[in-house]
Amino acid sequence: MAKYLLKRILHAILSVIAVVMIVMILIYSLMNRQLIFSSDSVYAKTTNNAKQTYMLRKWEEYGYLDYVTYSDYLQMLTDSGEIDEDTRAKVVNFARKAGSDSEEVQVYIDKFNDYYTKKGYTVNRLDAVTAGKKLANGGQQQYYAYKDKPLISRLVTYFTSIISVDNVHYVEEDLENRGITFTTHDPVYGGEKFSPAIMGNGTKYKYLLYCNDKFPWIHQNLVTINLGKSYSVNMGIDVFTTMISSQGSYVNSVITYPTGLTEESADDLHMATYAADSLDSSIVFTSRYTDHYTSVPTVKGGMSKMGYSFSIGICAVVISYLLGVPLGILMARKKDKLVDKLGTVYIIFIIAVPSLAYIFLFKAIGYKMGLPTVFNVDSTSKLMYVLPVVSLSLPSIASLMKWLRRYMIDQMNSDYVKFARSGGLSESEIFSKHILKNAIIPIVHGIPGSILGALTGAIITERVYVVPGAGNLLTQAINKYDNSVIVGVTLYYAILSVTSLILGDILMSMVDPRISFSSKAR
Amino acid sequence: MENEKLLDLEELDMPEDELFSFIDNSTLDSEKITAPRYSYWHSVFRVFFRKKINIVILAVLAVILLFTYVYPTVTDYDKYANLLDASAKHLTPSAAINKFGFSLRWILGAGASGESTFDAIWYGSRISITLALICAAINMTVGVLVGAVWGFSKKVDIVMQEVYNIIGNVPYILLISVVVMIMSASFWSMVFAMTVTGWLYIAYFMRTQVIIIRDREYNLASRCLGTSTMRIAMKNILPFMTSVIVTYTATEIPSYISSEVFLSYIGMGLSDMSLGKLIYAAESAMVTPGWQFEFWSPVVISAIITVVLYVVGQNLGDASDPRTHM
């Protein structure tokens with residue numbers, strides 16, 4: 001079993017990597033890059049050379065290519081100590097036309113060219129565009145190098161950076177006393193309450209491990225998952241963080257800042273991250289913080305995108321199993337009777353009618369019944385969950401009924417049922433003890449899939465009821481050409497789907513002892 | 001004593017040729033197997049039309065097809081004909097009939113630019129139904145052929161399983177939207193997007209069906225008797241598949257209409273005014289009092305179209321199962 005599982009997991013990982021690769025080819029190689037500018041007003045306004053560099057800069061931000069300008073290169077040389085600041089300042093300005101540079105500048109221009117040509121970059125120099133003697137709008141001379149990111153290295157960097165472990169060398173600037181400290185009395189709670197925490201200095205997050213009153217009570221910041229930094233959907237924030245960070249309005253509470261200042265605020269000090277040279281930048285920070293860990297997110301009242309999707313999804317899953325399984329059994333028992341016919345009509349309705357149509361139908365019915373049809377993050381009413389849950393569970397009830405009925409009817413004709421009947425067992429005994437046990441196995445296989453599927457959210461339902469869930473993230477990312485979000489969400493979907501397949505197989509072998517993965521198939 | 005009675009022919013009062021008599025063993029006759037005349041497709045239609053409800057549904061389907069393919073050719077529909085007439089916009093059926101006089105085209109009212117909702121729906125459903133039929137034809141043909149090979153060959157199975165696991169995990173919307181972005185949102189790029197991987201799921205389904213039947217005893221016996229694989233596939237397995245294929249097609253065609261509606265609704269569909277696009281465009285009309293007709297008409301019509309196609313297909317699938325021909 002363990003060997004089989006290991007093989008399955010390896011297979012799953014390989015297919016997930018293949019999926020990500022296909023998606024990367026689709027969006028980075030096949031899709032027209034010019035499309036990202038289709039609704040960009042800045043792009044429309046810039047002209048001449050500035051347009052060229054603007055395009056390259058944007059493409060770099062969207063992850064298509066590496067783009068280095070001449071001045072970036074000089075800055076890099078200065079940082080590494082190869083040239084000093086004065087030289088940099090002297091040679092950073094190059095002439096309007098190629099070939100008319102001073103000798104000193106020409107040395108570095110050639111160096112840049114050699115360095116990047118060797119690395120496979122395309123080096124390009126744009127002469128200044130002039131209008132008379134003056135520079136035209138956006139006509140500044142440009143000197144830069146760029147290179148498309150090759151697929152394999154993109155893939156490797158992506159997968160190696162998914163899980164990052166925070167360490168004390170994260171902060172590059174000089175710091176005194178780098179290291180990790182352990183405290184039993186968390187200063188966030190005023191230092192009086194017993195609450196153990198591990199804090200770091202030099203790490204990205206100030207708190208590596210801390211306790212609070214929220215589930216699961218002990219939280220960590222040591223290991224973070226990065227699925228890809230968003231560019232246009234949620235600027236600069238990782239996809240995974242976008243999915244799990246809470247939404248809604250601020251929740252204020254009395255907190256004690258490191259300086260001792262107590263104040264009513266929504267700042268979440270436990271999530272403080274390092275922001276270089278920020279302490280002295282503002283009086284707000286100096287009065288509250290004692291170090292550069294000043295970048296704090298806020299505590300919000302609502303659930304996360306994933307939280308909303310999951311709570312709606314899991315309700316729908318529970319309801320559909322609670323209703324779908326008994327109804328399927330009933331249909332099989334009363335085959336060709338009225339119940340069966342009514343059930344078939346319902347199943348046909350759900351299969352044949354476009355899902356959009358019946359979701360709108362139920363929205364209209366719910367509206368007539370006075371149920372809230374629009375989701376409100378700040379409302380505590382549980383009624384707003386009713387319509388999304390109903391819309392989600394209707395199709396899954398139908399498919400459960402359809403398949404359970406099919407499996408049970410198939411079993412009803414088998415020999416062991418006839419034998420049980422001739423042995424004198426009552427119909428209800430045959431159904432509950434013999435047929436159901438055999439017919440439910442394929443249904444059991446789908447349970448992990450439907451539970452994990454609740455995490456991905458539902459596109460139409462969330463859109464129709466304006467639920468701030470995870471389901472729309474992919475469509476949103478596609479519409480905004482946010483490539484790294486697309487890749488991240490795909491990876492997330494792929495991982496969930498392969499995991500649910502493996503879990504389904506395990507669950508099936510647990511329910512049915514006849515299914516065994518350890519020995520070879522007969 | 002009784003023997004004597006029976007031998008007495010006169011007492012029985014029967015002609016001699018009605019009694020048992022010996023016949024010679026004819027080698028020619030013993031080679032023939034006689035059975036009632038059976039034509040497969042004849043029986044399919046006999047069983048199909050035995051249910052009266054099927055005739056009604058078929059009639060509805062005929063009306064729908066008439067409206068989708070013939071009606072648009074005999075009427076000239078111009079979406080912007082009444083664009084400048086402010087009083088022609090967003091009309092309820094009764095208001096539209098009052099304004100333009102009674103005609104079939106105004107029985108569902110008028111839309112956002114004063115166009116006839118009725119005409120718009122049939123123009124849209126022509127696009128949607130054509131799309132669904134073409135996609136279903138391509139996907140079913142490729143899927144069934146590939147699925148048959150996939151089911152028969154173990155080597156192909158190993159490769160295709162992996163392909164299926166990988167492609168099955170690429171989000172469907174992503175694939176469609178990328179194809180639409182690369183190739184523009186035209187009708188044929190939509191067909192391409194829906195068929196580029198769509199056949200894979202059908203092939204997988206067919207593979208399972210072929211595997212179930214492939215190893216049955218009668219096929220083993222047939223192979224032992226020296227039947228070629230081609231003949232086993234064509235004569236032993238394909239007849240079993242017909243009802244499965246027809247039933248599957250019945251679910252496929254409406255599902256393409258549904259997914260076209262879905263894609264248009266999330267803004268990734270066709271640029272033409274298909275049924276989905278009509279619903280998408282009229283979404284805001286759903287909550288506006290008095291405008292609801294614009295929204296519900298395409299929704300209801302698309303529901304009717306898909307249900308009718310589905311029911312006809314399912315019943316045809318049932319009828320094409322030889323076990324129902326008894």
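Me: I would like to start from a single pair of residues in this model. Which residue of β10(A) stands opposite C211(A)?

Reply: C211(A) has I218(A) of β10(A) opposite it. Bear in mind throughout that this is a predicted model. The pair belongs to the antiparallel pairing of β10(A) with strand β9 (residues 207-211) of chain A, which runs over three bridges.

Me: How do I place those two strands in their sheet, and how many strands does the sheet have?

Reply: Read the strand order across the sheet, then look for the edges. Here four strands form an open sheet with the order β7-β8-β9-β10 in chain A, and the pairing is antiparallel. β7 (179-183) and β10 (218-220) of chain A are the edge strands, each pairing on one side only. From one strand to its neighbour the turn averages 20°, with direction ignored.

Me: What should I keep in mind about side chains when I look at a strand?

Reply: In a regular strand, side chains alternate between the two faces of the sheet. With that general idea in hand, we can turn to another sheet of chain A.

Me: What is the strand order of the open sheet of three strands in chain A?

Reply: The order is β1-β5-β2, again with antiparallel pairing. Its edges are β1 (65-69) and β2 (122-126) of chain A, and each of these pairs on one side only. The average twist from one strand to the next is 25°.

Me: Which helix packs on that sheet?

Reply: Helix α4 (residues 70-79) of chain A does, touching β1 and β5 of chain A. The direction of α4(A) makes about 75° with that of β1(A). As for the strands beneath the helix, β1(A) pairs with strand β5 (residues 142-148) of chain A in the antiparallel sense over five bridges. Within that pairing, T69(A) faces Y144(A) of β5(A).

Me: And a hairpin: which residue in the turn between β12(A) and β13(A) has a positive phi?

Reply: That is G260(A), with a phi of about 105°, in a hairpin that has five residues between its strands. The arms are strand β12 (residues 253-256) and strand β13 (residues 262-265) of chain A, paired antiparallel over four bridges. T256(A) is set opposite T262(A) in β13(A).

Me: Let us move to the helices of chain B. Why can I trust a length check on α5(B)?

Reply: The idea is to compare an expected span with the distance between the helix ends. At 1.5 Å a residue, the 23 residues of helix α5 (residues 52-74) of chain B should span 33 Å, and the end C-alpha atoms lie 32 Å apart, so the two agree. The helix also bends, by about 35° at F67(B).

Me: How do I read a helix pair? At what angle do α9(B) and α10(B) pack?

Reply: Take angle, axis distance and handedness, then the residues. Helix α9 (residues 172-183) and helix α10 (residues 187-195) of chain B pack at about 150°, with axes 9 Å apart. The crossing is right-handed. On the α9(B) side the residues are L175(B), I176(B), V179(B), V180(B) and M183(B); they meet S189(B), M190(B), F192(B) and A193(B) of α10(B). By class that makes eight nonpolar, one polar and no charged residues.

Me: Where do α7(B) and α13(B) fit in?

Reply: The axes of helix α7 (residues 117-152) and helix α13 (residues 229-265) of chain B come within 9 Å and cross at roughly 145°. This crossing is right-handed. Among the residues making the contact are L131(B) and M140(B) of α7(B), and I253(B) and E260(B) of α13(B). The contact divides into 13 nonpolar, three polar and two charged residues.

Me: Finally, how many residues of each chain are in contact across the two chains?

Reply: The size of an interface is often given as the accessible area lost when the parts come together. Here we can count residues: 32 of chain A are in contact with 30 of chain B. Elements giving two or more residues to the chain A side include α1 (2-30), α12 (355-368) and α19 (483-511) of chain A. α1(A) gives the most, with eight residues. That side divides into 24 nonpolar, seven polar and one charged.

Methods
Residues numbered from 1 in each chain as written. Chains lettered and ligands numbered in written order. Predicted model: local features only at pLDDT ≥ 70, side-chain atom pairs only at ≥ 80, totals over all residues. Pairing = 2+ DSSP bridges. Axes fitted to C-alpha atoms, helices over the stretch in contact; angles between N-to-C directions. Contact = placed C-beta atoms within 7 Å. Left-handed = near helix turned anticlockwise from the far one by under 90°. Nonpolar A, V, L, I, M, F, W, Y, C, P; charged D, E, K, R; others polar. Expected span 1.5 Å × (residues − 1). Bend = angle between axes of the 7 residues up to and from the residue.
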